[in-house]
Protein chains: 2
Amino acid sequence: MRRSVTIKHVAAEAGVSLQTVSRVINNGPNVRPEVRERVNAAVEKLGYVPSLAAQRMGGSRSYLLLALNDRDRTIEGWKSGEGTDWVDQMLLGGMLKSAEFGYRMIFELVDTHSSQVEREVQAAISALHPDGVILTPPHSDNPLITQLLVQMGLPFARIGSVAAGPGFAIVMDDRAAAEVATTHLLDLGHQRVGFITGSDEYVLSGARLDGYRRAISNRGLPLDDDLVGRGDFSFESGVRAMEAFFALESPPTAVVASNDQMALAALRVANGRGIQVPDGLAIVSFDDTPIVRFSNPPLTAVVQPVAAMAAEAARLLIRAKAGDKDLPPGVTIPFDFTVRRSTRAD
Amino acid sequence: MRRSVTIKHVAAEAGVSLQTVSRVINNGPNVRPEVRERVNAAVEKLGYVPSLAAQRMGGSRSYLLLALNDRDRTIEGWKSGEGTDWVDQMLLGGMLKSAEFGYRMIFELVDTHSSQVEREVQAAISALHPDGVILTPPHSDNPLITQLLVQMGLPFARIGSVAAGPGFAIVMDDRAAAEVATTHLLDLGHQRVGFITGSDEYVLSGARLDGYRRAISNRGLPLDDDLVGRGDFSFESGVRAMEAFFALESPPTAVVASNDQMALAALRVANGRGIQVPDGLAIVSFDDTPIVRFSNPPLTAVVQPVAAMAAEAARLLIRAKAGDKDLPPGVTIPFDFTVRRSTRAD
DNA sequence: CTGTTAGCGCATTCAA
DNA sequence: TTGAATGCGCTAACAG
């Protein structure tokens, strides 16, 4: 069992002090190029890699980012196997961006609804001492968590949180996205476009509804409350909303759903009534998780840039920890809009 | 910015030495119950949680497990958004099981094909000093990696590796699974059942082919090489294999594909030729990633117990690190088989 | 520009 | 059964 090589070995090999090696490792200033090269050569030769634990012990940085997701929601998604790829996209964006800076992202689950939230978060932070924390919905808007973080002086990013406040707000423009989605349907000639909202627990639900309304108003069409169905992101709530629509005297000919599950519910209800999509009902979805690409027909959808948001969160936190003071309080990441057969008559 | 509470604070609060606190934390022996309680009370009161970094520095354990996945394959999966949930299932099984023991699982990507594999793995280990490493295909069968691990004296688990050798081999019985899948089709009356193999890079590809052959032989049917298409787990390879099948004088009426992508390819090719599934062609898939549940029709599939395998890997590694000598060299995790419409005429 | 000193928070010897 | 000393590998603050 080979003992691992430490900074001491490198120092000996290069014939310099530990400190100089440390400076080279951290790209510190005040090192003669010649010495720097000698040290780098020794590092290379010995295959030295600093121990994260020791770096954290000695210095002020841990090179760790902590990503917090909602426990129930995440586990439920994993177990159901319904293909929600939020976590994957977060890893894609967050891990890879972190790695660029020599950081690592550790993923943890905490229960937002528990009275223990603070304890859970506190415990994770005490154990890991991360340099920054990435919050995802619904944690992003949980004051218990954000206040704790502020109090601890830990930089954090709130993904998907439009609310002002401490921490970097990383959002996509949900209102604009909903407007684009709705306008797309209006452009196709639809006069009665329905909208299914998400859970009120998520601030973005309101933003999406706003965008829908704006698109309708912009065309000079009336805002009909009957065309707004209340959902909670669940398939069942989508079914209920759709059935309410079809019970109307004049049902919508197109619908925007605030997430994929509810959009699939719309598809299901339409099919159940013998209504063809997109001819009888056009559907636009939000989020663009994998399943909507494999439904029949595949659904037109607003693409939530989860990977890009996570990457930006990581970047901001790392720069903040590095002392960069010139950082924006928030960032809006562009969304994509993918047209598929659910709104297009091929 | 509140300074974090350390073992020192707890010791002061409880009126004992640092050492005693450490003993209580680690469930060490030789502590009077009365003192133990006093310490626990102090821990509770102060909300003390040991620092992972410090634990690793002082002691011999890091409470970290390192999970290694193939970089290209994983990133490709994430980017394509095709809903492969291998990573999710690994996290589900590995993270949650690790957490039960106070461990954390860190997920990293390394490139198996690179000449740098050893350096990459070495670097991750040097930085993290994990107590154990979880290898996933194709790393599980990469001798460069396994030898390095052996040499470092690090416990590791090989998920999906049937080969004998060092490290815990965590597998599902691929041969039996393929046999079950094939037999299922034979039971439905199919006489000509095709099989699409996976990449030779994966040992399990051979095992699945064996199972297929065994099922055919068991029925006294001839082994027809034309009915074995060579794939590499990609959609395209599935398409090629299927087209070769349909070019035969007597094409198969059912097919077992070694993964979901190739099974979907089979479905696509059949549809393209106006062949109905399951009437004109029955399809069984391997892996059961989410997309096959949403295809039309949904596919019958062998369910790969990824979460259970990761959980078992974590459990074994943690127990090994704890000094348990009575551990099996490998474990076979039961697979599931889910029948859906692609093999059933409703 | 470079080296020296002093911890970081804990577990592992030892000694009591 | 408990406590005191020592060191893990590194960086920060200070000297030189």
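# Two protein chains and two DNA strands: a reading lesson

Chain B and chain A bury about 4,300 Å² between them, with 61% of that on carbon and sulfur atoms.

Student: Before we start, what kind of model is this, and how are things numbered?

Tutor: It's a predicted model, where local features need pLDDT of at least 70, side-chain atom pairs count only at pLDDT 80 or more, and totals for chains, interfaces and linings use all residues. Residues are numbered from 1 along each chain as its sequence is written, chains are lettered from A and ligands numbered from 1 in the order in which they are written, and side-chain values use heavy atoms, leaving out hydrogens and water.

Student: Okay, so what does buried area stand for?

Tutor: Buried area is the accessible area (1.4 Å probe) that two parts lose on being put together, summed over both. Here that comes to about 4,300 Å² for chain B and chain A.

Student: How many residues does each chain bring to the contact?

Tutor: Contact means heavy atoms within 4.5 Å. On that basis, chain B gives 51 residues and chain A gives 50.

Student: And how many salt bridges are there between the chains?

Tutor: For a salt bridge, you want a side-chain nitrogen of Lys or Arg within 4 Å of a carboxyl oxygen of Asp or Glu. There are four between chain B and chain A. One of them joins A:Glu108 to B:Arg104, whose closest N and O atoms are 2.5 Å apart. As for classes, the side of chain B that touches chain A has 26 nonpolar, 14 polar and eleven charged residues. In that count, Ala, Val, Leu, Ile, Met, Phe, Trp, Tyr, Cys and Pro are nonpolar, Asp, Glu, Lys and Arg are charged, and the others, Gly among them, are polar.

Student: How do I read the symmetry of two copies?

Tutor: Two copies of a chain are related by a rotation about an axis and a shift along it. Copies are superposed by least squares on the C-alpha atoms of residues with pLDDT of at least 70 in both. In this model, a rotation of 180° with 0.2 Å of shift along the axis puts chain B on chain A, with an RMSD of 0.4 Å. That's the relation of a two-fold axis. In chain B, the C-alpha nearest the axis belongs to B:Ala53, 2.1 Å away from it. Both copies use the same surface, as 98% of the contact residues of chain B recur in chain A.

Student: Now the DNA. Which residues come nearest to strand D?

Tutor: A residue is near a strand if one of its heavy atoms lies within 4 Å of it. Of the 26 residues around DNA strand D, the nearest are A:Ile7, A:Gln19, A:Ser22, A:Tyr48 and B:Thr20. Sugar and phosphate make up 59% of the strand D atoms that come within 4 Å of the protein.

Student: What do the polar side chains do there?

Tutor: Look at the phosphate oxygens of DNA strand D: a polar side-chain atom of A:Tyr48 lies 2.4 Å from one, and a polar side-chain atom of A:Asn26 lies 3.1 Å from one. From chain B, an N or O atom in the side chain of B:Ser17 is 3.0 Å from a phosphate oxygen of this strand.

Student: Which residues come nearest to strand C?

Tutor: Of the 26 residues around DNA strand C, those are A:Thr20, A:Arg32, A:Met57, B:Ile7 and B:Gln19. A polar side-chain atom of A:Arg23 lies 2.7 Å from a base oxygen of strand C, while one of B:Tyr48 lies 2.6 Å from a phosphate oxygen of strand C.

How values were computed
A polar contact is a pair of N or O atoms within 3.5 Å; within protein, one must be able to donate a hydrogen and the other to accept it, and residues adjacent in sequence count only if both atoms are side-chain atoms.
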